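I set out to record which side-chain pairings and which local surroundings can be read from this model. My entries follow in the order in which I looked things up.

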Amino acid sequence: MTCVLCGGGAFRDRHEIAGHAIRDCEGCGLTQLQPMPPRALLDELYGDEYFESGDAGVGYGDYASQEQEYLATFADDVRRIREFASGGRLLEVGCGFGYFLEVAARAGFDVQGVDASPRAVAESSRRLPGRIFQGAVSEVPELEERRFDVIFASHLIEHISEPLPFVRDLATRLEPGGHLVLVTPNVKSWLARISGSRWVSFKIPEHVVFYAPDTIGRLLRECGLEVLAVDPAYQVYRLPFLMSRVRQLVRPADRLIPPFERWAPFRKRMLRVTSGSLRVVARRR
């Protein structure tokens, strides 16, 4: 096996999870799954049940039930994007149910989205009719000649087993001076460090590459992009969901934590917390 970023062949073991090895490249530091799962297996993961799997290990327990949390989270992403691009044509790759695109459209962007999941395309098309396409972005004829001022992809790049050609393709779809914005788990975040092999973003085999500020920066520069900013990414959670993740992390000591999130005053409380992820803004030269 070789590193998907630098092509090196020497690795250090980090973890073994569910029979899969997670290793760090000794050349560039990139963390990746080895061996990479076959494409057919990865494609099977993203069926209709992906958004309501009820299993935190793969996909989302109930994606639609967290609509308000995602709208609030994506409002923060849009605010940050508008510091670099006040408007223009925007494409979201991996648009899910269209929550980010809804917020971006309200902020004045001319939005379009693409997703591989038929379920996601159906749901997001209800919000934004005629603006959503199904398939890999490189395979959608309607997008072939279009260029964008902003391309946004949240929690997608860690699913991509060949990141260099993927990001190069996105870069060609940007207008000169256009911006690519990625959000992805940060394998060097404090949350990842204290969680060890229990880190919530070690979703195997769904996530295949794990980035840090230095490796995501190298990926973007290799693709001809200029890195402008790397920030911690935040997520808005309702307190019961947040506490469920805390309890998973500290088991079996979770029995010592009082179930205060079940009390009526706290059930709908939403908190903005670090998600152990990063957000990077890059510009096409």
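I began with Phe 210, which is buried, since its relative accessible area of 2% lies under the 20% cut-off. The model is a predicted one, and I read the entries below with that in mind.

Next I looked up Trp 199, which counts as buried at 2% relative accessibility. I then examined the rings of Trp 199 and Phe 210 and found an aromatic pair, 6.4 Å centre to centre, with 50° between the planes. This pair is classed as tilted, because the angle falls neither under 30 degrees nor over 60. I located Trp 199 in the loop between α6 (190-195) and β9 (209-210), and Phe 210 in strand β9. The two residues are 11 apart in sequence, and the pair links distant parts of the chain.

I took the aromatic pairs as a whole next. The count comes to 15. One of them is formed by Phe 74 and Phe 100, with 5.7 Å centre to centre and 80° between the planes, an edge-to-face arrangement. I placed Phe 74 in helix α2 (residues 67-81) and Phe 100 in helix α3 (residues 99-106), 26 residues apart. Both Phe 74 and Phe 100 are buried. I also noted that ring pairs link these two into a cluster with Tyr 50, Phe 51, Tyr 63, Tyr 70, Phe 97, Tyr 99 and Phe 152.

I then turned to charged side chains. Side chains of opposite charge can pair when their charged atoms come close. I recorded a count of 21 salt bridges.

Which residue forms a salt bridge with Asp 76? I found Arg 279, with the closest N and O atoms 3.4 Å apart. Arg 279 sits in strand β11 (residues 270-284) and Asp 76 in helix α2, 203 residues apart. Arg 279 counts as buried at 3% relative accessibility, and Asp 76 counts as buried at 12%.

I looked up Asp 77 as well. Its side chain meets that of Arg 279 in a salt bridge of 2.8 Å, N to O. Asp 77 lies in helix α2 and Arg 279 in strand β11, so this pair ties together parts that are 202 residues apart in sequence. At 4% relative accessibility, Asp 77 counts as buried.

I examined Asp 110 and Arg 131 next, whose side chains meet in a salt bridge of 2.7 Å, N to O. Asp 110 is in strand β5 (residues 109-115) and Arg 131 in the loop between α4 (118-127) and β6 (132-134), so the pair ties together parts 21 residues apart in sequence. Asp 110 is partly exposed, with a relative accessible area of 36%, and Arg 131 counts as partly exposed at 33%.

Following shared partners, I traced one network of salt bridges that joins Asp 76, Asp 77, Arg 79, Arg 80, Glu 83, Asp 231 and Arg 279.

My last entry concerns Val 114, which lies in strand β5. Is Val 114 buried or exposed? I found Val 114 buried, with a relative accessible area of 1%. Val 114 and Gly 96 are 18 residues apart in sequence and 8.4 Å apart in space, C-alpha to C-alpha. Leaving out residues up to four places away in sequence, I listed contacts of Val 114 that include Leu 91, Val 93, Cys 95, Phe 133, Val 137, Val 140 and Leu 143. Glu 92, Gly 94 and Gly 135 are also touched by Val 114.

Key
Residues are numbered from 1 along each chain as its sequence is written. This is a predicted model: local features need pLDDT of at least 70, side-chain atom pairs count only at pLDDT 80 or more; totals for chains, interfaces and linings use all residues. Side-chain values use heavy atoms; hydrogens and water are left out. Rings of Phe, Tyr and Trp (its six-membered ring) pair if their centres lie within 6.5 Å; planes under 30 degrees apart count as stacked, over 60 as edge-to-face and the rest as tilted. Helices (H or I, at least four residues) and strands (E, at least two) are DSSP runs, numbered from the N terminus. Buried means under 20% relative accessible area, exposed over 50%, partly exposed in between (1.4 Å probe, protein chains only). A salt bridge is a side-chain nitrogen of Lys or Arg within 4 Å of a carboxyl oxygen of Asp or Glu. Contact means heavy atoms within 4.5 Å.
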